[in-house]
Amino acid sequence: MHKVSERDAQQLRNRIMKTLNDLPPMNEVVMKAQEIMADPNSNIEDLAAIIETDQSVVVKILKLMNSPYYGLGREISSIGQACSLLGFGKLREVIVAVGVSNVLGKKLKGYEFESGELWLHSIATGFCSRILAEKKNRELANDAYTGGLLHDVGKIILDPYVLERKDAFDNFMKDETKLVLDAEKAILGFDHAEIASDICRKWHIPENVTISIQYHHYPSLSEGSELAHIVHAADYLVRQSGLGYEDDDLMVELEEGAIDFLGFTQENFSDISFQVLEYVQKIDGAYHR
Ligand SMILES: [Fe+2]
Ligand SMILES: [Fe+2]
C-alpha cells in the first residue's frame, strides 16, 4: 500500500493544529465549578449551587458517584451530600471527568465509536492509572488520573481526517493482524498519541502528563517516564477487560518490560488486573442500565 510521504504528513499535522479551536468547549458550569474549587474561601454550598444550575451535569456527577468505584455504599441523591461524603479531592476528579464528557463523549464516525464509548474507555483508564500509581508511586496518583483520562484525546482530533479517508482505513484494517495505530501511521503519517502531545503542549498540560499521553503506546521510548508506563499498562488492562470498543482491543500487547519497569510481579499484576476488571464492569454497568 502507498504510504503517505513525510512532507504530506507534516502538512496535515500543521493543518490539524490550526483547526483546534473547533473542539467543543468544556462545559461552562464545570469550568465555574473548577474555579470555585481552586478558591480557598469557597465552600461546599457555593459549589453545589453552581453545579445545580445544570441538571445534565448533576445527573452525570451523581451517576459517576454512585458507581461502585467510589464505594460509598449508599445511593447519593444530591450534590451537597456527594460533596460532604467524598470531599473536594475526589469531587474534583468527578467534575473533571464530567467536564471532558462534552469533548470525549462525542460519536466518532471515523473510528466507529458510539457516543459515550471513548469517554467510558477514558474514565476507566483514568481510574486504572490511579490504581496503578497508588501501588507504584503514590505521588503520581493525580497526574496518572489525568494522563489516563486524556490519553486518547488525539482520536477526537483525528476523527474527521480518518473519516475523510475511511475507505483507505477500512482497506488497511482488512488485514486482521494490523492495529488502528498502524493504520494511522501508514495513512496519516502520524498517530493519535503524537498529535495529542502537540495539543497538550498547546493547552499547557503539565509536561509529565503530556509525555505519558505521547508515549502511551510505546512507553519504552519515553526515557523512563513512570507515568507513561502506568498509562500504557492501564490502557492495556482496560482494553483486556472485555468491554473494549475497538476491533483491535484484544490484539494490543503490553510492551515487553513494562511490568518489570513498574516493579510489579506477574502475580500482583494479575491481582491488579482483576481489580480493574471489576471496576470497569461496574462503571460500564452503571452507564448501561
Ligand atoms: Fe491510544
Ligand atoms: Fe486507549
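Trainee: Which protein donors does the iron ion (ligand 1) have?
Mentor: This is a predicted model, in which local features need pLDDT of at least 70, side-chain atom pairs count only at pLDDT 80 or more, and totals for chains, interfaces and linings use all residues. Residues are numbered from 1 along each chain as its sequence is written, chains are lettered from A and ligands numbered from 1 in the order written, and side-chain values use heavy atoms, without hydrogens and water. Donors are N, O and S atoms within 2.8 Å of the metal (3.2 Å for Na, K and Ca), and water is not among the atoms, so sites may look incomplete. Lying 2.1 to 2.3 Å from the iron ion (ligand 1), they are Asp 152 (OD), His 192 (NE2), His 216 (NE2) and His 217 (NE2).

Trainee: Which arrangement do the 4 donor atoms around the iron ion (ligand 1) make?
Mentor: Four donors count as tetrahedral if all angles lie between 85 and 135 degrees, and as square planar if opposite donors are over 155 degrees apart and all others between 65 and 115; anything else is irregular. Because the angles at the iron ion (ligand 1) run from 81 to 172 degrees, the arrangement is irregular.

Trainee: Which residue bridges the iron ion (ligand 1) and the iron ion (ligand 2)?
Mentor: The two iron ions, ligand 1 and ligand 2, lie 3.8 Å apart. The bridging residue has 2% relative accessibility and therefore counts as buried (under 20% relative accessible area, 1.4 Å probe, protein chains only). The bridge is Asp 152.

Conventions. Four donors count as tetrahedral if all angles lie between 85 and 135 degrees; four count as square planar and six as octahedral if opposite donors are over 155 degrees apart and all others between 65 and 115; anything else is irregular. Buried means under 20% relative accessible area, exposed over 50%, partly exposed in between (1.4 Å probe, protein chains only).
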